[in-house]
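Here is a short tour for anyone opening this structure for the first time. Have a look at the picture, then read on.

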2 protein chains.
Amino acid sequence: MASPRKRLDRDVLVATALALADAEGLAAVTTRRVGQEHGVSPMALYRHFRDKDQILDAIAERLLSEVHLPERDDRVWHAQLHDVLTSLLSVLRPHAAAAGLVTTRILDSPPGLDLAERTLELLATAGFEVEQAAEIASQSLCSMVTLVVTEPGRSQPEAAESRDDAVRGKQASLATLSPEQYPHVVAAAGALASCASDDVYYAHGVELLVAGIRGVHTETHTETLTETQTPAV
Amino acid sequence: MASPRKRLDRDVLVATALALADAEGLAAVTTRRVGQEHGVSPMALYRHFRDKDQILDAIAERLLSEVHLPERDDRVWHAQLHDVLTSLLSVLRPHAAAAGLVTTRILDSPPGLDLAERTLELLATAGFEVEQAAEIASQSLCSMVTLVVTEPGRSQPEAAESRDDAVRGKQASLATLSPEQYPHVVAAAGALASCASDDVYYAHGVELLVAGIRGVHTETHTETLTETQTPAV
DNA sequence: ACCTGAACACCGTTCAAGT
DNA sequence: ACCTGAACACCGTTCAAGT
């Protein structure tokens, strides 16, 4: 098929920008570097983007477009929400440097709107009213971004070869602290500097959030009922 | 009192940098601008900071140093945690542009360590084991930052005079969407573009988080009632 | 000890000009 | 229609020099 040239070029430029962010951090995404990667002057990009901010917008949209929303099914709403959030996480995790761009841009592109729509839909199913659903949805999606950006043991990609060094350094600096002044920080130095398993870290992050939503949910919706022990799973 | 000149100067430079961020956004914090505000060459800053990154570190530390940790009392752990998180929020809220600096720098300065220490202490009181407490603490503190950075209706401070315009614009663009494709987003347009009350927005944000921690807490600790002992991990 | 000026290698972006 | 080159107003940072 004869692909439309213009559209193709733009996508390829965005892919280059994202690859630069992955390899060398967001600071490496400059009009000059992206152009250079295509053997082209920085000004050539201005055919496809109004300004640099639009390149960053496009990176965020690209990430969101790779989210594969799970099929709707008949499981309870929070199980489905769990999977939606996990699907976002799995897309962001390989792109830690660019992930932060998503926080403020979810509602700015169709793929982000799809994600927001599904999230709001599940919260509506649960019975949340619109305002509360909006707050919860935005906090939920942004929390996934934050999990990726602050993953313990992450450092700048420039120092990628020395990730272990960075972890050891962080751990060492925390271990240096006075155990009288910061007993719990010192005790948790290992967990704060790195994490035993990335998968477990992310699983816990999603669980914490979903547990919060369920907690707020029962607070809001069981006023009529009597005080319950543990809500059914 | 004759104040130590050097220390004073550094603090005053940090205050200037923070003020610039508040007034014109983080992009306005440049060595040249900060120097200019003191009628001094950009190079004069290098007596007090190794490089620009240290200026950003110092801004984060300054913000964290303004957190006033509530006194310990005999209320249940999650009530105290709620207040700790709220005290962080109240410091960050007036400095939305700079707040994001805090996410990756909490463990890099004494005031941040104080905050982390208290948080971990409360989670230890609750009975969380060290690794889980570390994860929860970091996710909790970072969530407060995220709440501030993504507060609905926020826009760049350059456009501060037209904040209402930005909100209206956002709302209008969401209202333009197809109600068939994005029914819940369209229905929530108002809440997504702005928020009825900032105070309520933040209160809900903290509540969601604390509810999550309590949810994970009961999940983790109801099983141990039968086992009597917490299994070491 | 503290600050400066000139310089370097970068930015994003404009504009007129090339093909 | 698409791209370029030169230029502008900025960056962070170096280095040798001033006081």
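## Around DNA strand C

In this predicted model, a polar backbone atom of B:Ser41 sits 2.8 Å from a phosphate oxygen of DNA strand C. That is a polar contact, meaning a pair of N or O atoms within 3.5 Å (within protein, one must be able to donate a hydrogen and the other to accept it, and residues adjacent in sequence count only if both atoms are side-chain atoms). Another phosphate oxygen contact of DNA strand C involves A:Tyr46, with a polar side-chain atom 2.7 Å away. The bases get attention too: a polar side-chain atom of A:Arg32 is 2.4 Å from a base nitrogen of DNA strand C.

Stepping back, 15 residues surround DNA strand C, and those that come nearest are A:Thr31, A:Arg32, A:Met43, A:Tyr46 and B:Ser41. Sugar and phosphate make up 44% of the atoms of DNA strand C that come within 4 Å of the protein. A residue counts as near a strand if one of its heavy atoms lies within 4 Å of it. The biggest giver to the surface near DNA strand C is helix α2 (residues 31-37) of chain A, with 3 residues. By type, this surface splits into 6 nonpolar, 3 polar and 6 charged residues. Here Ala, Val, Leu, Ile, Met, Phe, Trp, Tyr, Cys and Pro are nonpolar, Asp, Glu, Lys and Arg are charged, and the others, Gly among them, are polar.

## Around DNA strand D

Which residues are closest to DNA strand D? They are A:Ser41, B:Thr31, B:Arg32, B:Met43 and B:Tyr46, out of 15 residues that surround DNA strand D. Of the atoms of DNA strand D within 4 Å of the protein, 44% belong to sugar and phosphate. Helix α2 (residues 31-37) of chain B supplies the largest share of this surface, 3 residues. The residue types near DNA strand D come to 6 nonpolar, 3 polar and 6 charged.

Two arginines reach base nitrogens of DNA strand D through side-chain N or O atoms: B:Arg32 at 2.4 Å and A:Arg47 at 3.1 Å. On the backbone side, B:Lys52 has a backbone N or O atom 2.9 Å from a phosphate oxygen of DNA strand D.

## Chain A at a glance

Chain A has 11 helices and 0 strands. Helices are DSSP runs of H or I with at least four residues, strands are runs of E with at least two, and both are numbered from the N terminus. Of the 233 residues of chain A, 46% are buried. Buried means under 20% relative accessible area, exposed means over 50%, and partly exposed is in between (1.4 Å probe, protein chains only).

The domain assignment splits chain A into domain 1 (10-63), domain 2 (72-153 + 191-226) and domain 3 (157-190). Such bounds come from an automatic or database domain assignment. The centres of domain 1 and domain 3 of chain A, taken over C-alpha atoms, are 35 Å apart.

## Helices of chain B

Helix α4 (residues 77-92) of chain B has 16 residues and stretches 23 Å from first to last C-alpha, close to the expected 22 Å. The expected span is 1.5 Å times one less than the number of residues. Most of α4(B) is covered, with 12 of its 16 residues buried; among them are B:Trp77, B:His78 and B:Leu92.

Helix α6 (residues 110-126) of chain B has 17 residues, and its end C-alpha atoms are 24 Å apart, in agreement with the 24 Å it should span. Because 13 of its 17 residues are buried, α6(B) is largely enclosed by the rest of the structure. Right after α6(B) comes B:Gly127, with a positive phi near 105°.

Further along, B:Thr146 sits in helix α7 (residues 130-149) of chain B and is buried at 10% relative accessibility. B:Thr146 is 84 residues from B:Arg62 in sequence, and their C-alpha atoms are 18 Å apart.

## Cysteines without bonds

How many disulfides turn up over all chains? The search finds 0, where a disulfide is a pair of cysteine sulfur atoms within 2.5 Å. The sulfur of A:Cys195 is too far for a bond, because the closest cysteine sulfur, in B:Cys142, is 13 Å away. Likewise, the sulfur of B:Cys195 is 13 Å from the closest one, in A:Cys142. Both residues are buried, A:Cys195 at 13% relative accessible area and B:Cys195 at 15%.

## Reading the numbers

Residues are numbered from 1 along each chain as its sequence is written, while chains are lettered from A and ligands numbered from 1 in the order in which they are written. Since this is a predicted model, local features need pLDDT of at least 70 and side-chain atom pairs count only at pLDDT 80 or more, while totals for chains, interfaces and linings use all residues; side-chain values use heavy atoms, with hydrogens and water left out.
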